[in-house]
Amino acid sequence: MKKIFSRPEGLTDTLMRYCPGCGHGIVHRIVGELLIELDIRERTVGIAPVGCSVFADEYFNCDMIQPPHGRGPAVSAGIKRARPECIVFSYQGDGDLASIGTAEIIHAAARNENITVVFINNAIFGMTGGQMAPTTLPGMKSTTSQKGRDVRKQGYPMKVCEMLASLDGPYYLERCAVDTVKNVIKTKKALKMAFQNQLDDKGFCLIEVLSMCPTGWGQTPVQAKKWIGEVMSAYYPLGVYRDRSKEAK
Amino acid sequence: MAEKKLMYGNHAIVEGVIAAGCRFFAGYPITPQNEIPESMSVRMVDEGGVFIQTESEIAAINMLFGAAAAGKRAMTSSSSPGISLMQEGISYIAGADIPVLVVNIVRGGPGLGNIAPAQSDYYQSTRGGGHGDYFTITLAPNSAQDLYEFPKLAFELAEKYRNPALILADGLLGQMMEAVEFSFEPIDPKSLPEKEWALCGCKGRERRVVRSYDLKQGRLEELNLRRAEKYTTIRKDEQRFKDEYCDDADLVVIAYGTSSRIASAAVRMARQKGLKVGLLRPITLWPFPTDVLADMSKRIENFLVVEMSCGQMIDDVKLATECRSNIHFHGRPGGGVPIPSEILEKIEAVLGGAR
């Protein structure tokens, strides 16, 4: 019998602790496949954030480091500048990147650090139990916005791609989603470009991925996928926000 | 004889760091250490190294975390408020057993304080500084020559024990010009051995993970106990100090850094007056030179601790001497700098009272 599907060598042979229906597993697999397809696994250093995907340091089959909450872009810059021959990616959630780590991500983008950022936006703090994130939608319920996010008191969500696109620094910015097969394929294409750009010494690339958190959202996995397509991607439109390869032409 | 040059303390650090084979600097402007990043921005680039002016001290310490985890000698410098911001990163770095060098050109505090020289960050430097069970190796220079030589020593100790190292100086040492002898052969970074724990891609080996967390029950306790053994070894083997006129002394002044320079003048003035006074200058603040003090306390009745603070190192003196001797104190906090005559007055008061 022919084996037609298996774990990519870019992921370790470990059971993942993510909840059923969580989007992290899909994005992990994409990155794991790309480490092999681009033949970069043996020269890659990955950064695991603080949050659900803190365990990414056990899952990606490459050298890994686990820095303080939100500081991934600074640690990435340190590794990349110290060892330019390494491929460096920072895997971060929305609490990590869009809340406590806003200064680090903005300045890494402004300096056009030659790193790849994988930004998981699931509109909630997953690990700590479903608190409001900077990306939580207006009216959306969380354990710290139990009556729904009231924008008069709790402000508006952060749109990271749009915000970073206002800077001259970044080379490539795209928002994707992993709610449908078609979108998963698009996400892989975007991430492949983001890693290839680093190989080509182009500079800062960030791929934002709208990702399901059924547990944090109080939904079934199927409902969560539907919610991304119908609600979340209406507030966070998918698409390319910066592509300097096109601007140059 | 090696080449000698008149230079600012802050510039001596830059040359010492480069001579120590370090080619990575990340930092954020703050007075009174700005000559360090300014000079680094030229010298590091000249030497083919990395210079990054960061968005904050938080980013700076985390860039060090990355560069040092990648196996390179990396350093930052700042002054008190900036060092406070770095404590999160220093705790993670200590928890991940990564060697880095942090230079603190201390200024008056708390808060924004002022920009005058101070020694009020002693507790922060010698008690870990951030959260969790850890210590940082802390060296206290008292001359531009030390500022040139200590970066090399700090990197060697940091790497030997896989632990962050601090150089605790102050605005006076940083801003003062003195002759510096380039006393050692500069280290070629390429000659430094690759670290067996460095993150550099897993070609031909198992992948490596650098982290400070371990959620599995009992394992963090084990890790911390192992690190505690390391600290015991450092405490046993790495105590450094200098003493002057201590052999026949009735009173020993204890001071480090700038205070020790001033106290040394006071001790010589006292000797000229026929008073049997000595000086003990701790060079490592952590590990504190407890052994020599414990020994001295068996024969010396009076110690005078001089600090540019309300009194922080005095606690370590009391612990080391186990309160066998009388511990007196003269402190100038908030950017105040003592002059030799006021220390001499204190010495005379103590010895007069003792008679």
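# A strand from chain B in a sheet of chain A

In E9(B), B:Val209 is the bridge partner of A:Met64. That little pairing is a good place to start our walk through this predicted model. A:Met64 belongs to a stretch worth knowing by name: strand E2 of chain A covers residues 63–65, and E2(A) pairs with E9(B) in the parallel sense over two bridges.

Now zoom out from that pair. What order do the strands follow in the open sheet? Eight strands line up as E9(A)-E7(A)-E8(A)-E4(A)-E3(A)-E1(A)-E2(A)-E9(B), and the pairing is mixed. Follow that row from end to end and you land on E9 of chain A (239–243) and E9 of chain B; each of these edge strands has a single partner strand, so one side of each has no neighbour in the sheet.

Step inward along the row and you meet E4(A), residues 116–121, and E8(A), residues 205–210; these two run parallel and are joined by six bridges. Here, A:Val118 stands opposite A:Ile207 in E8(A). The sheet has a helix on it too: helix H3 of chain A (residues 72–82) packs there, touching E1 (44–47), E2, E3 (87–93) and E4 of chain A. Compare directions, and H3(A) makes about 175° with E3(A).

Let's go back to the place where the two chains meet. How many residues does each chain bring to the contact? Chain B puts in 31 residues and chain A puts in 27. On the chain B side, at least two residues each come from strand E2 (24–27), strand E3 (50–53), helix H3 (57–69), helix H4 (80–95) and strand E9 (209–210). So E9(B), our starting strand, is on that list. The top contributor on this side is H3(B), with nine residues. Sort the chain B residues touching chain A by class and you get 19 nonpolar, five polar and seven charged.

Next, some helix pairs. Two packed helices are described by the angle between their axes and the distance between the axes. In chain A, look for H1 (residues 24–37) and H8 (residues 181–199): their axes come within 10 Å and cross at roughly 45°. That angle makes H1(A) oblique to H8(A), and the crossing is right-handed. Which residues do the touching? From H1(A) come A:Ile26, A:Ile30, A:Val31 and A:Leu34, and they meet A:Val184, A:Thr187, A:Lys188, A:Leu191, A:Lys192 and A:Phe195 in H8(A). By class, this contact has seven nonpolar, one polar and two charged residues.

Chain B has a helix pair to look at as well. The axes of H1(B), residues 9–19, and H2(B), residues 35–46, come within 8 Å and cross at roughly 40°. These two are therefore oblique to each other, and H1(B) passes H2(B) in a right-handed crossing. On the H1(B) side you'll find B:Asn10, B:His11, B:Ile13, B:Val14 and B:Ile18, while H2(B) offers B:Glu35, B:Ile36, B:Ser39, B:Met40 and B:Arg43. This contact divides into five nonpolar, three polar and two charged residues.

Finally, take in chain A as a whole. Its secondary structure comes to 11 helices and nine strands. Along its principal axes, the C-alpha trace of chain A spans about 50 × 50 × 35 Å. For 249 residues, a compact globule would have a radius of gyration near 18 Å; chain A has 17 Å, so the two agree.

Notes: Residues numbered from 1 in each chain as written. Chains lettered and ligands numbered in written order. Predicted model: local features only at pLDDT ≥ 70, side-chain atom pairs only at ≥ 80, totals over all residues. Axes fitted to C-alpha atoms, helices over the stretch in contact; angles between N-to-C directions. Helix = DSSP H or I, 4+ residues; strand = E, 2+ residues; numbered from the N terminus. Parallel < 35°, antiparallel > 145°, perpendicular 65-115°, else oblique. Left-handed = near helix turned anticlockwise from the far one by under 90°. Contact = placed C-beta atoms within 7 Å. Nonpolar A, V, L, I, M, F, W, Y, C, P; charged D, E, K, R; others polar. Pairing = 2+ DSSP bridges. Rg over C-alpha atoms; globule rule 2.2 N^0.38 Å.
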